[in-house]
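Open the model in your viewer and show it as a cartoon, with side chains hidden for now. Each stop below says what to select and what is there.

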Amino acid sequence: DIDPDRLGQIVANLVENALSFAVTRVDVDVSDDGFTVTDDGPGIPLGEQTAIFTRHYRSDTARGRRLGSGLGLAIVAELVNAMHGTIEVASPAAGRTSGTAVTVRLPIRDL
């Protein structure tokens, strides 16, 4: 089942993370089965895209980014998995030369 409190935590964490990398903009697009958070930041190198959901992983490729504990995206992934959803990253974001899009899909039957 979808836990509304945990869903709020997922959205807040993804938006906060996007804000820490964004140059000027963060977008949240909602669909029938989930949502996508997109920023216009420097993007994530292909070799690091799967690692961002690992506990204590922090990329040092983005200059000027405030470093956190490296737990936020790992917790997001664990919460999404607990709700039988999926999470994926695309960087650069679709139709852009930079930026990152994180898409969360949740089972429709639970929404």
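Start with the sheet. In this predicted model, four strands form an open sheet in the order β1-β2-β4-β3, with antiparallel pairing. Colour β1 (26–31) and β3 (86–90): these are the edge strands, and each pairs on one side only. Looking along the sheet, neighbouring strands are turned by 15° against each other on average, direction ignored.

Next, select helix α1, residues 4–21. Helix α1 packs on the sheet and touches β1, β2 and β4 (100–105). The direction of helix α1 makes about 15° with that of β2.

**The β1–β2 hairpin**

Select β1 together with β2, residues 34–39. The two strands pair in the antiparallel sense over 6 bridges. They form a hairpin with 2 residues between them. To check the register, show Val26, which stands opposite Asp39 in β2, and then Val28, which stands opposite Val37 in β2.

**Salt bridges**

Show the side chains of Asp and Glu with those of Lys and Arg. How many salt bridges does the structure hold? There are 3 salt bridges.

Begin with Arg25 and Asp27, whose side chains meet at 2.9 Å, N to O. Arg25 is partly exposed, at 48% relative accessibility. Asp27 has a relative accessible area of 17%; buried means under 20%, so Asp27 counts as buried.

Move to Asp33 and Arg105. Their salt bridge has its closest N and O atoms 3.8 Å apart. Asp33 lies in the loop between β1 and β2 and Arg105 in strand β4, so this pair ties together parts that are 72 residues apart in sequence. Asp33 is partly exposed at 25% relative accessibility, and Arg105 is partly exposed at 33%.

Keep Arg105 selected and add Glu88. Their side chains meet in a salt bridge at 3.3 Å, N to O. Here strand β4, holding Arg105, is linked to strand β3, holding Glu88, with the two positions 17 residues apart in sequence numbering. Through shared partners, salt bridges join Asp33, Glu88 and Arg105 into one network. Glu88 has a relative accessible area of 39% and is partly exposed.

**The loop between β3 and β4**

Select Ser91, which lies in the loop between β3 and β4. Is Ser91 buried or exposed? Ser91 is buried, with a relative accessible area of 14%.

Now show what surrounds Ser91. Leaving aside neighbours within four places in sequence, Ser91 is in contact with Gly43, Ile44, Gln49, Gly99 and Thr100. What does the side chain of Ser91 reach at 2.6 Å? The partner is the backbone nitrogen of Ile44. The side chain of Ser91 also reaches the backbone oxygen of Gly99, at 3.0 Å. For a distance across the chain, pick the C-alpha atoms of Ser91 and Thr38: the two residues are 53 residues apart along the chain, and these atoms are separated by 9.5 Å.

Step on to Pro92, found in the loop between β3 and β4. The peptide bond that joins Ser91 and Pro92 is cis, with omega about 5°.

**Last stop: His84**

Select His84, in the loop between α2 (72–82) and β3. His84 has a positive phi of about 60°, although it is not a glycine. At 56% relative accessibility, His84 counts as exposed.

Definitions and conventions:
Residues are numbered from 1 along each chain as its sequence is written. This is a predicted model: local features need pLDDT of at least 70, side-chain atom pairs count only at pLDDT 80 or more; totals for chains, interfaces and linings use all residues. Side-chain values use heavy atoms; hydrogens and water are left out. Two strands pair if DSSP finds at least two bridges between them. Axes are lines fitted to C-alpha atoms, for helices over the stretch in contact, and angles run from 0 to 180 degrees between N-to-C directions. Contact means heavy atoms within 4.5 Å. Buried means under 20% relative accessible area, exposed over 50%, partly exposed in between (1.4 Å probe, protein chains only). A polar contact is a pair of N or O atoms within 3.5 Å; within protein, one must be able to donate a hydrogen and the other to accept it, and residues adjacent in sequence count only if both atoms are side-chain atoms. A salt bridge is a side-chain nitrogen of Lys or Arg within 4 Å of a carboxyl oxygen of Asp or Glu.
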